[in-house]
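Thanks, everyone. I'll keep this short. Please look at the sequence and the structure together.

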Amino acid sequence: RVLASNSGDGHLLVVDEYHMLSDDQKVELFEWLADKLSTLRVILIANRIDSKDREKLEHCRKMKQEEGSTESSVVLVETRLTRAKVEEVMESRNNTAELREYIADWCVASRLVFGEESISLRLV
């Protein structure tokens, strides 16, 4: 979805569920974006990131620098669910205390075995 910007700085493209794109689709997206970065702001929203995605973002960062951009316009923001947030969601869904304890233990084990990307609020 492309939205017009109120600030007059061009347009904003929001790509939600970016991680669901195939590698070929991601390559196609970044090729399409290559000549539009000066007029198009892009937000990629994903549940996980891999080394290829990091390389694509780094390439965009270098392209912006070569254009003479002094601002940090290519930024990677990574977040994670805290135990407190998971607890809050479980309480709001009326999970029993015993079930919340099991789920919290499962979240810790899953994060240790599978990494940060394995934890989602959809699971609790």
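**One helix and its packing**

Let's start in the middle of things. The buried residues of α3 pack against α4, residues 97–114. Keep that pairing in view.

First, what are we looking at? This is a predicted model. The protein has four helices and three strands. Read from the N terminus, the order is β-β-α-β-α-α-α.

Now some totals. The protein has 124 residues, and buried ones make up 25% of them. The exposed area is about 9100 Å². Carbon and sulfur atoms supply 52% of that area. On contacts, take those between residues at least 6 apart in sequence. Of these, 54% join residues at least 24 apart.

Back to α3, which covers residues 83–92. Which residues of this helix are buried? They are V86, V89 and M90. Look down the axis of α3: the buried residues fall within an arc of 100°, so they line one face of the helix. The spacing has a general background. An α-helix has 3.6 residues a turn, so residues three or four places apart point the same way.

What about the other side of α3? There, A84 and S92 are exposed. So turn the helix in your viewer and compare both sides: V86, V89 and M90 are buried, while A84 and S92 are exposed on the other side.

One backbone detail to finish. Where is the positive phi? N94 has it, just after α3. The value there is about 60°.

To recap, α3 has its buried residues on one face, within an arc of 100°, and those residues pack against α4.

Conventions: Residues numbered from 1 in each chain as written. Predicted model: local features only at pLDDT ≥ 70, side-chain atom pairs only at ≥ 80, totals over all residues. Heavy atoms only, no water. Helix = DSSP H or I, 4+ residues; strand = E, 2+ residues; numbered from the N terminus. Buried < 20%, exposed > 50% of the residue type's maximum accessible area, 1.4 Å probe, protein only. Contact = heavy atoms within 4.5 Å. Areas by Shrake-Rupley, 256 points an atom, 1.4 Å probe, with all protein chains shown as cover. Arc of directions from axis to C-beta.
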